[in-house]
2 protein chains.
Amino acid sequence: MRLSRYFLPVLKENPSEAQIVSHRLMLRAGMIKQSAAGIYSWLPLGFKVLRKIENIVHEEQQRAGHIPMLMPTLQPADLWKESGRYDAYGPEMLRIKDRQDRDMLYGPTNEEMITDIFRSHVGSYKDLPLTLYHIQWKFRDEIRPRFGVMRGREFLMKDGYNFDLTKEDALHAYNRHLVSYLRSYERMGLQAIPMRADSGPIGGDDTHEFLVLADTGESEVFYDSEITDLKFGDREIDFDSVDQCQAVLEEFTSRYARTDETHDADLFAQVPADRQRTARGIEVGQIFYFGTKYSEAMGATVQGPDGKSTPVHMGSHGIGVSRLLGAIIEASHDDKGIIWPEGVTPFHVGIVNLKQGDEEADAACQALYDSITALGLDPLYDDRNERAGGKFATMDLIGLPWRITVGPRGLKNGVVELTSRKTGESEEMTPEAAVEKVAAIYRAIA
Amino acid sequence: MRLSRYFLPVLKENPSEAQIVSHRLMLRAGMIKQSAAGIYSWLPLGFKVLRKIENIVHEEQQRAGHIPMLMPTLQPADLWKESGRYDAYGPEMLRIKDRQDRDMLYGPTNEEMITDIFRSHVGSYKDLPLTLYHIQWKFRDEIRPRFGVMRGREFLMKDGYNFDLTKEDALHAYNRHLVSYLRSYERMGLQAIPMRADSGPIGGDDTHEFLVLADTGESEVFYDSEITDLKFGDREIDFDSVDQCQAVLEEFTSRYARTDETHDADLFAQVPADRQRTARGIEVGQIFYFGTKYSEAMGATVQGPDGKSTPVHMGSHGIGVSRLLGAIIEASHDDKGIIWPEGVTPFHVGIVNLKQGDEEADAACQALYDSITALGLDPLYDDRNERAGGKFATMDLIGLPWRITVGPRGLKNGVVELTSRKTGESEEMTPEAAVEKVAAIYRAIA
């Protein structure tokens with residue numbers, strides 16, 4: 001993309017309404033625009049990152065064998081009356097009447113609807129295991145929406161639901177989700193730590209939240225420092241293997257890691273003192289085995305191998321897709337702006353022309369642009385008639401991980417400059433070498 | 001995908017609520033499930049096709065230089081009060097009050113919101129031309145939703161908006177959209193004919209609807225038969241070239257083609273009698289230049305080269321993404337089921353194992369599956385323990401364009417059978433030849 005043809009309305013001033021850095025930087029980098037309290041338009045740069053995150057989630061869910069579909073945003077109230085949640089859910093549920101005066105709602109989550117789909121179509125244990133998921137806009141009418149996309153009212157979420165014959169099978173589905181979530185977050189450049197969560201009135205131990213450590217997190221977290229050394233990395237895993245998935249669960253959840261909601265001071269005290277850590281965290285996902293709560297209430301049963309009808313064991317598993325943009329920025333920025341991890345960057349590399357209009361510089365930039373594009377990468381070429389300082393400031397603000405700077409002086413020596421956004425380090429090399437280095441970086445994470 | 005692990009709830013009976021063939025087939029093929037009147041869940045097979053159509057629209061819009069973004073589903077009423085449409089819009093607009101008693105609505109379209117974004121960020125003609133678009137769920141509270149996704153209440157639409165300094169520039173944007181729409185529909189296997197549309201109270205000639213001919217279409221259409229011979233094909237086009245885009249407009253709109261809303265019997269009579277055609281059509285898109293209607297009402301102005309402030313010339317351009325699934329099926333089916341065009345098929349090829357459990361047949365199917373997948377194609381392997389007749393019926397119903405049938409008898413002679421869904425013709429060949437033939441078909445449209 002040539003910047004002169006793009007729509008990137010960066011702001012020079014710090015927007016006064018933004019209290020936290022990610023909100024501030026998303027506004028300043030022209031990624032979002034608020035249209036109502038807690039409701040945002042995703043401007044082109046923001047939309048690009050949102051799509052990248054969405055794609056990673058899709059790929060990792062499907063790798064785990066989970067099946068994509070899409071449920072609508074509006075739901076009939078009747079389904080929620082069956083489960084008992086229509087009355088139980090507070091004013092966060094946006095209730096709507098259509099022109100026929102039917103009670104509807106803007107879905108804050110989809111347990112009822114997916115259970116209805118399941119019971120309409122599945123009748124035998126032979127069709128299990130089954131995990132369906134979707135990525136769809138949800139609405140929660142927060143009384144005080146704040147922190148930009150971190151606590152918006154209309155938000156994009158991946159929610160998946162497993163259906164299994166037994167608790168044992170459902171716990172394997174739970175573990176499969178845990179593994180797929182670890183992979184997803186790492187691909188986004190995030191460390192998200194699974195922490196024992198509060199299962200609420202349903203009870204049970206089988207729920208974990210995934211938290212990203214960040215000073216601005218809404219939760220206080222307590223953990224054994226050994227946990228931050230864990231990496232899923234690029235190990236191979238067979239998602240059908242109960243043992244392999246169970247081993248990952250044990251590896252990643254056996255050390256102490258809890259939020260203030262489930263914190264147990266006595267247990268925490270058993271962690272060696274030099275490994276006890278307290279910090280703040282942002283919740284970016286949750287997995288939850290809840291058994292037969294919905295299947296019993298809504299009659300989602302299958303015929304088992306013994307011929308008997310039995311309610312299915314279910315769980316629901318969520319990733320906060322739109323909120324992840326805020327979380328990533330909270331975890332990765334400096335005083336100049338955003339620092340995108342390579343896995344989610346809106347453009348792979350920026351090209352800065354120090355002397356727009358100079359024949360040789362223009363030609364060199366165009367050649368770089370063409371060869372980067374030919375490799376299937378997506379460059380952003382700042383071809384505006386602006387001073388170098390302004391161009392650098394924009395690139396730093398929007399946070400592309402790599403920048404190639406092209407100027408007449410370097411070209412005389414046959415070199416351009418390749419700069420890492422993260423370290424700020426620059427290296428002179430031929431244009432071909434710069435392209436090859438950038439290409440190699442992205443090949444490594446493809 | 002192995003069918004035994006997929007969620008494909010096909011129906012054996014014809015659903016009684018479906019009046020038209022596309023609705024019936026989408027229900028029978030397990031593509032959608034109604035959750036409320038005019039509101040559907042997209043089951044896995046339906047979602048796959050929806051995503052393919054969405055991707056074609058994204059690719060063709062970006063090829064034309066239009067910039068993707070995303071606006072939210074809910075909008076504040078205030079914006080619509082500025083344009084005057086809050087009161088003008090009838091009961092099709094779903095009006096909502098949030099917990100703070102603020103007036104909101106579920107967007108049926110986005111002229112107001114995009115104009116608000118534009119005026120907040122753009123102040124100079126130097127930032128023009130600009131075309132922004134998004135693909136987002138909309139809601140229109142139809143009094144009688146019917147025909148499945150063809151006339152639903154919650155529907156997915158691509159809507160794009162151009163902002164230009166002059167009428168002339170805006171008409172180039174109009175033409176660019178026309179070209180990109182012709183390309184999009186052809187990639188979906190559709191012929192969609194641009195027909196002079198009714199511009200309503202705004203007036204002006206510059207609006208066309210795109211209609212797909214089908215017996216179940218809601219509009220009566222009148223056209224010169226020469227028009228159905230036109231194809232955009234794979235010609236090269238420079239979307240920046242005013243002349244090239246204008247030439248395409250003239251080629252595709254100079255012959256008589258109108259819906260009942262704009263039909264002019266006298267003009268039609270001038271078409272040679274043997275070329276006069278009357279038929280029915282389904283509207284799948286519309287382009288519309290409306291000048292300064294919204295920019296004047298909402299103060300979306302730019303400073304021109306002369307230093308004077310001037311309202312921008314705009315147009316809005318829509319493609320009915322979810323409705324296209326219905327339109328494609330209406331245009332392409334037979335009494336056995338759907339016949340997907342290759343450009344939008346949910347799976348590229350089906351593999352039918354005639355004797356599941358036979359060692360040789362299982363191995364041959366697996367080998368086919370692996371080599372097709374390795375080519376980046378997406379096969380659906382029917383590995384269920386079902387009789388051949390049932391497997392064929394399912395494949396015919398869900399409409400994959402190509403099927404490879406594998407059985408012990410053929411394998412003795414080293415052959416499998418490749419069958420075209422469209423013609424029903426089968427050919428025996430080696431598994432390698434079948435894979436290569438399928439791969440070549442999809443390479444040709446990639």
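Colleague: Contact here means heavy atoms within 4.5 Å. With that, how many residues of chain A are in contact with chain B?

Modeller: There are 58 from chain A, facing 58 from chain B. Bear in mind that this is a predicted model, where local features need pLDDT of at least 70 and side-chain atom pairs count only at pLDDT 80 or more, while totals for chains, interfaces and linings use all residues. As for bookkeeping, residues are numbered from 1 along each chain as its sequence is written, chains are lettered from A and ligands numbered from 1 in the order in which they are written, and side-chain values use heavy atoms, with hydrogens and water left out.

Colleague: OK. What turn lays chain A on chain B?

Modeller: A turn of 180 degrees, with a shift of 0.0 Å along the axis and an RMSD of 0.0 Å. The two copies are therefore related as by a two-fold rotation axis. The superposition is least squares on the C-alpha atoms of residues with pLDDT of at least 70 in both copies.

Colleague: Which residue of chain A comes closest to the rotation axis?

Modeller: A:I96, with its C-alpha at 3.1 Å. The same surface serves both copies, as 100% of the contact residues of chain A recur in chain B.

Colleague: How much area is buried between the chains?

Modeller: About 4,900 Å², with carbon and sulfur atoms giving 61% of it. That's the accessible area (1.4 Å probe) that two parts lose on being put together, summed over both. On chain A, the residues that lose the most to chain B are A:F7, A:L70 and A:R99, together 15% of what that side buries.

Colleague: And how many salt bridges cross the interface?

Modeller: The rule finds ten between chain A and chain B, and the structure holds 67 over all chains. The rule wants a side-chain nitrogen of Lys or Arg within 4 Å of a carboxyl oxygen of Asp or Glu. B:D98 forms one with A:R153, where the closest N and O atoms are 2.9 Å apart. In another, A:D116 and B:K33 have their closest N and O atoms 3.4 Å apart. That pair runs from helix α5 (residues 111-121) of chain A to strand β1 (residues 32-36) of chain B. Helices (H or I, at least four residues) and strands (E, at least two) are DSSP runs, numbered from the N terminus.

Colleague: How many residue pairs are in polar contact between the chains?

Modeller: 22, both residues being at pLDDT 80 or more. A polar contact is a pair of N or O atoms within 3.5 Å; within protein, one must be able to donate a hydrogen and the other to accept it, and residues adjacent in sequence count only if both atoms are side-chain atoms. Helix α2 (residues 44-63) of chain A gives the most to the side of chain A that touches chain B, with seven residues.

Colleague: Changing topic, what is the strand order in the five-strand sheet of chain A?

Modeller: β20-β19-β21-β22-β23, an open sheet with mixed pairing. Two strands pair if DSSP finds at least two bridges between them. β20 (379-382) and β23 (426-429) of chain A are at the edges with a single partner strand each, so one side of each has no neighbour in the sheet. The twist averages 20 degrees from one strand to the next.

Colleague: Are β19 and β21 of chain A parallel or antiparallel?

Modeller: Parallel, over four bridges, with β19 at residues 349-353 and β21 at residues 402-406 of chain A. A:V352 stands opposite A:T405 in β21(A).

Colleague: Which strands does helix α12 of chain A lie across?

Modeller: β19, β20 and β21 of chain A; the helix is residues 388-398 and runs at about 170 degrees to β19(A). Axes are lines fitted to C-alpha atoms, for helices over the stretch in contact, and angles run from 0 to 180 degrees between N-to-C directions.

Colleague: Last thing, where is there a cis peptide bond in chain A?

Modeller: From A:L128 to A:P129, with omega near -5 degrees. A:P129 sits in the loop between α5 and β7 (130-139) of chain A. Also have a look at A:D101, which isn't a glycine but has a positive phi of about 70 degrees. A:D101 is in the loop between β5 (94-97) and β6 (103-106) of chain A.
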